[in-house]
Structure formats: C-alpha cells, structure tokens
Amino acid sequence: MKKENLWASIMIVAVLTIIILAITYLSINQKKFVGPLLILTGIISLMPALFFKIPFRLLKSDIIFGVIDNGILVVFTIMGAELFGIFGAIVGGAVGNAITDAFAGIFEGLEAQKIKNGKRTALSVAIGKLAGCLFGAGGVLTIGWTILSL
C-alpha cells in the first residue's frame, strides 16, 4: 500500500470516528434512540465507499464480520453487566469479543473467498468493518431497547 493511501485511509476513518462519537455523545441519554442512531452512523460510515466507488462486493465480507462481531458482543456485554455490574460488562465484552471475532472471521473468510478480480484495500476493510459493527450493535440495541423496551 502506498504511504499516501494509508494516510488518506487513516484521515477518513478519523473523520468518521469524530462524527460517530458526536452522534453517540448527543444521543447517549436517549436509550430508545441509541440503536437506530448506531444503524444511521453505520450508513454514514459507508459514504466514503460511494465517494471512492468501492464496490459493495468488496465491503460485504467485512460488513458481515462486523454485524456478527458486534451484534453478539453487545449481548455478551449486556449479560455481563446485568449479572455482575461494570466488572461483568468488561469481562463479558472482552470474552465476547474474542469469541465473536472467531465466529465472525469464519463468515468473513467465506465471503472474502468469493471475491474475484477485486482487491480489498485498507479503506474498504476499515469502513466495511466499521459499518458492520455499527449495524450489529445498532440492530441488537434497537431490538432490545426500542422494540422490546428492555
């Protein structure tokens, strides 16, 4: 990878990070809206793919990884928090992250093997995983907090 492409990717992800943190910060006290807003930030994080004309097929495996990874991770974290408080959330998140990375990696690998004549780049992998993680967490929180009112 060329050095300038690496720096451009880092800058794009940094800008997306600031946007995501701002939206999350402003909505954190609105429990019912956190999940849908995370899904919205997932959509926003895909905007560079449109701008740089990155084909969806190059993003698909990373989005699948993120959805599985963070979707299940949120469940582990909530379970840990409910059972053992903040310490349980930390341990549940850490253990859940390792387990979900493994399972998500299986599905990411299956999808990545299907890509022919296309090269994944640092930017496509980064925004694919970012969007997928936001979709996964947002989906679980939307179901739990917005739809089921847990």
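Which element gives the most residues to the lining of the second largest pocket? Keep that in mind, everyone, and we'll get there in a moment. Before we start, please remember that what you see above is a predicted model.

Let's go straight to that pocket. The second largest pocket holds about 170 Å³ of space. Its lining is made of 13 residues, and those nearest the centre are S9, I54, T121, L123 and S124. Two elements, α1 and α5, give two or more residues each to this lining. And here is the answer to my opening question: α1 gives the most, with 4 residues. If you sort the lining by class, you get 8 nonpolar, 4 polar and 1 charged residues.

Now for the largest pocket. About 200 Å³ of space lies there. Around it you will find V75, I78, A81, E82, V140, I143, G144, W145, L148 and L150. Which helices supply at least two residues each to this lining? They are α4, running over 56-113, and α5, running over 122-147. By class, this lining has 8 nonpolar residues, 1 polar and 1 charged. If you wonder how anyone spots a pocket at all, rolling a probe the size of a water molecule over the atoms shows where empty space is left.

Let's move on to the cores. In soluble globular proteins, nonpolar side chains tend to be buried together. In this model, the largest nonpolar core has 12 residues: I12, L16, L46, A49, I54, L58, L59, I63, I115, L123, I127 and A131. The elements giving two or more residues to this core are α1, α4 and α5. Do you recognise I54 and L123? Both belong to this core, and both are also among the residues nearest the centre of the second largest pocket.

Pick out L16 from that core on your screen. Leaving out residues up to four places away in sequence, L16 touches I44, S45, P48, I127 and L130. Of these, I127 is itself a member of the largest core.

There is also another core, apart from that one, with 7 residues, including V34, L38, V74 and L141. I'd like to stay with V34 for a little while. V34 sits in helix α2, residues 31-45. Is V34 buried or exposed? V34 counts as buried because its relative accessibility is 8%, and the cut-off for buried is under 20%. Setting aside neighbours within four places in sequence, V34 is in contact with S27, I28, L141 and W145. You have met W145 already, in the lining of the largest pocket, and L141 shares the 7-residue core with V34. Here is a nice example of folding the chain back on itself in numbers: V34 and T142 are 108 residues apart in sequence, yet their C-alpha atoms are 7.4 Å apart in space.

One of the partners of V34 was S27, so let's look from that side as well. S27 lies in helix α1, which covers residues 3-27. S27 is buried too, with a relative accessible area of 8%. Not counting residues up to four places away, S27 touches V34 and L37.

Next, the aromatic rings. How many aromatic pairs does a search of the whole structure find? It finds 1. The pair is F51 and F52, with ring centres 4.9 Å apart and planes at 90 degrees, so it is edge-to-face. F51 counts as exposed, at 65% relative accessibility, while F52 counts as partly exposed, at 44%.

Just along the chain comes K53, in the loop between α3 (47-51) and α4. K53 has a phi near 55 degrees, which is a positive value in a residue other than glycine. K53 is exposed, with a relative accessible area of 72%.

A second lysine to find is K119, in the loop between α4 and α5. At 71% relative accessibility, K119 counts as exposed. Its C-alpha atom is separated by 10.0 Å from that of I54, and the two residues are 65 residues apart along the chain.

My last stop is I106, in helix α4. I106 counts as partly exposed, with a relative accessibility of 47%. Along the chain I106 and S61 are 45 residues apart, and their C-alpha atoms are separated by 10.0 Å.

That's my tour, so thank you all for listening!

Note on methods
Residues are numbered from 1 along each chain as its sequence is written. This is a predicted model: local features need pLDDT of at least 70, side-chain atom pairs count only at pLDDT 80 or more; totals for chains, interfaces and linings use all residues. Side-chain values use heavy atoms; hydrogens and water are left out. Buried means under 20% relative accessible area, exposed over 50%, partly exposed in between (1.4 Å probe, protein chains only). Contact means heavy atoms within 4.5 Å. On a 1 Å grid over the protein atoms alone, a cavity is a set of points where a 1.4 Å probe fits but cannot get out, and a pocket is an open set with protein on both sides within 12 Å along at least five of seven lines; lining residues have an atom within 4 Å of a point. Grid points are joined across faces, edges and corners, and a volume is the space filled by probe spheres set on the points. Ala, Val, Leu, Ile, Met, Phe, Trp, Tyr, Cys and Pro count as nonpolar, Asp, Glu, Lys and Arg as charged, and the others, Gly among them, as polar. A nonpolar core is a set of buried Ala, Val, Leu, Ile, Met, Phe, Trp, Tyr and Cys residues joined through side-chain atoms within 4.5 Å. Rings of Phe, Tyr and Trp (its six-membered ring) pair if their centres lie within 6.5 Å; planes under 30 degrees apart count as stacked, over 60 as edge-to-face and the rest as tilted.
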